[in-house]
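Please walk me through this model, strand by strand and helix by helix. Keep it short and plain.

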Amino acid sequence: MIFDVELETMPREELEALQLRRLQSLVSRAYHNVPFYRRKFDEAGILPADIRSLKDLARLPFTMKQDMRDHYPFGLFAVPKDNVVRIHASSGTTGKATVVGYTKRDVKNWARLMARCLMAAGATSLDTVHNAYGYGLFTGGLGAHYGAEELGATIVPISGGGTNRQVQLLRDFEPTVICCTPSYMLVLIEAAEQAGIDIRKLPLRIGIFGAEPWTDEMRREIEERAGLTAIDIYGLSEIMGPGVAISCHEAQCGLHMFEDHFLPEIIDPETGEPLPPGSTGELVLTTLTKEAQPLIRYRTRDITSLNYVPCKCGRTHVRMQRVTGRSDDMLIIRGVNVFPSQIETILLETEGTAPHYQLIVDRQGNLDTLEVRAEVNERFFTDEIKGLQRLEGKIRKSIKEFLGVSTKVTLVEPRSIERSVGKAQRIVDLRKKQ
């Protein structure tokens with residue numbers, strides 16, 4: 001089943017002609033309406049008229065996440081704010097959010113792209129979708145919500161949390177599709193088992209999981225324990241949100257990227273040079289149709305590869321392989337982006353701690369966990385347990401309020417964290433040893 005048959009099955013030659021027209025329009029709009037891009041183009045000695053083929057894309061400058069923070073909140077908008085009908089945001093390393101704006105047409109395109117995703121996963125207008133992605137500034141919840149409505153399906157906007165209630169509604173409302181993070185799906189499965197409910201006997205048949213890395217082993221466990229087909233979805237707030245790419249239920253061999261809206265490249269993360277088709281490197285995306293906040297050559301930091309062979313499902317758009325890692329040090333804990341520098345900011349602003357810390361990432365059961373081990377400074381160091389506990393609680397609360405993620409905080413003695421003459425070993429990922 002294909003939602004936009006003409007566009008999703010377009011021959012490569014026609015698709016590339018469409019991409020070039022949209023790229024040329026995008027570059028012109030960005031140059032004339034976004035001072036940041038005009039300056040970057042001028043510095044590179046490039047004019048919109050210089051873009052004559054898709055190969056010219058490599059001549060354009062990259063856009064970085066830091067550029068979005070530097071122009072907080074609306075400095076990268078390409079339309080008057082009166083034309084922006086929605087604003088989403090995610091946390092940044094300095095406390096400033098990464099802001100993303102949408103025009104009415106952007107929202108409509110997003111809904112249609114998510115409808116494409118749902119149908120690629122095997123959903124139809126007859127399905128009921130249990131949407132356990134978070135609502136609010138996070139793009140996941142509303143992206144899936146409007147996609148389901150565009151498809152004509154019934155949506156249950158449960159959002160995240162309230163696990164026992166979610167299990168009850170899975171039983172009572174009998175949804176056939178569920179959207180959430182893969183780790184939360186395993187939590188729901190365990191909660192259902194504790195409540196004496198066998199999810200495999202419920203009508204659920206499709207799970208659309210994203211917002212965090214997950215393995216084929218986790219996919220198999222979910223499918224076996226829940227009795228559904230687990231589908232991988234990809235997106236990022238800066239580009240649009242969920243709906244950039246998804247696996248089809250027929251092949252499940254890579255994620256179809258909707259190239260009529262997103263122009264992908266793979267580059268060497270060290271040199272920034274484009275890599276040939278099939279190479280593994282950093283994914284770079286250009287938004288071909290975004291009106292409010294177009295992004296040109298945005299460096300996602302996600303490591304993957306692209307397969308241009310048409311899929312047996314009939315879709316001709318490129319398939320990206322599952323993301324295998326990141327070219328920066330960002331952690332994703334239960335769908336929340338966490339940078340070591342964010343933790344460092346909180347520690348440095350907390351009286352009594354020293355700027356020496358480690359982040360211990362582990363997995364307990366089916367959920368990723370984060371422990372912050374931080375040294376106290378010598379002036380504050382004491383054998384008084386209550387004092388240390390109060391400080392640990394203060395740091396834990398600050399991290400929760402600032403980043404939206406729960407952590408364990410462990411204060412240790414001065415000079416007890418190993419020093420390095422080179423780059424500090426901030427992250428200890430115990431998941432890789434399991």
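Ala-245 stands opposite Met-257 in strand β9. Here helices (H or I, at least four residues) and strands (E, at least two) are DSSP runs, numbered from the N terminus. Ala-245 belongs to a pairing of β8 with β9 (residues 255–257): 3 bridges join these strands, which run antiparallel. Two strands count as paired if DSSP finds at least two bridges between them.

This is a predicted model, in which local features need pLDDT of at least 70 and side-chain atom pairs count only at pLDDT 80 or more, while totals for chains, interfaces and linings use all residues. Residues are numbered from 1 along each chain as its sequence is written, and side-chain values use heavy atoms, with hydrogens and water left out.

**The sheet**

Strand β8 (residues 241–247) also pairs with β7 (residues 229–236), in the antiparallel sense and over 4 bridges. The two form a hairpin, with 4 residues between them. Leu-236 has Gly-241 of β8 as its bridge partner. Is β8 covered or open? It is mostly covered, with 7 of its 7 residues buried. Buried means under 20% relative accessible area, exposed means over 50%, and partly exposed lies in between (1.4 Å probe, protein chains only).

These strands sit in an open sheet of 9 strands with mixed pairing. The order is β4-β3-β5-β6-β7-β8-β9-β14-β13. Its edge strands are β4 and β13 (306–307), and each pairs on one side only. At the β4 edge, β3 (residues 128–131) and β4 pair in the parallel sense over 3 bridges. Thr-128 stands opposite Thr-154 in β4.

**Three helices**

The table sets out the helix lengths. The expected span is 1.5 Å times one less than the number of residues.

| Helix | Residues in helix | Expected span | End-to-end C-alpha distance |
|---|---|---|---|
| α2 (12–33) | 22 residues | 32 Å | 31 Å |
| α5 (104–120) | 17 residues | 24 Å | 24 Å |
| α8 (182–194) | 13 residues | 18 Å | 19 Å |

Why is α8 described as largely enclosed by the rest of the structure? Because 10 of its 13 residues are buried. Among them are Pro-182, Tyr-184, Met-185, Leu-188 and Ala-192. The buried residues of α8 pack against α7 (163–172), β5 (177–180), β6 (206–209), α9 (216–226) and β19 (367–376). Contact means heavy atoms within 4.5 Å. After α8 comes Gly-196, whose phi is positive, near 80°.

Helix α5 is mostly covered too: 13 of its 17 residues are buried. Just after α5, Gly-122 takes a positive phi of about 110°.

Helix α2 has buried residues including Leu-15, Gln-19, Leu-23, Val-27 and Tyr-31. Its buried residues pack against α1 (5–8), α3 (35–44), β10 and β11 (281–287).

**The second largest pocket**

Helix α2 also has a part in a pocket. α2 and β10 (262–267) are the elements that give two or more residues to the lining of the second largest pocket. About 550 Å³ of space lies in this pocket. Of its 22 lining residues, the closest to the centre are Leu-54, Leu-263, Pro-264, Glu-265 and Tyr-308.

How is a pocket found? On a 1 Å grid over the protein atoms alone, a cavity is a set of points where a 1.4 Å probe fits but cannot get out. A pocket is an open set with protein on both sides within 12 Å along at least five of seven lines, and lining residues have an atom within 4 Å of a point. Grid points are joined across faces, edges and corners, and a volume is the space filled by probe spheres set on the points.

The lining has 13 nonpolar, 4 polar and 5 charged residues. Ala, Val, Leu, Ile, Met, Phe, Trp, Tyr, Cys and Pro count as nonpolar, Asp, Glu, Lys and Arg as charged, and the others, Gly among them, as polar.

**Backbone details**

Ser-159 has a positive phi of about 65° although it is not a glycine. Ser-159 is found in the loop between β4 (154–156) and α7. At 18% relative accessibility, Ser-159 counts as buried.

Arg-301 is not a glycine either, yet has a positive phi of about 75°. Arg-301 lies in strand β12 (residues 298–304). With a relative accessible area of 22%, Arg-301 is partly exposed.

A cis peptide bond joins Tyr-72 and Pro-73, with omega about -5°. Pro-73 is placed in the loop between α4 (65–70) and β1 (86–90).
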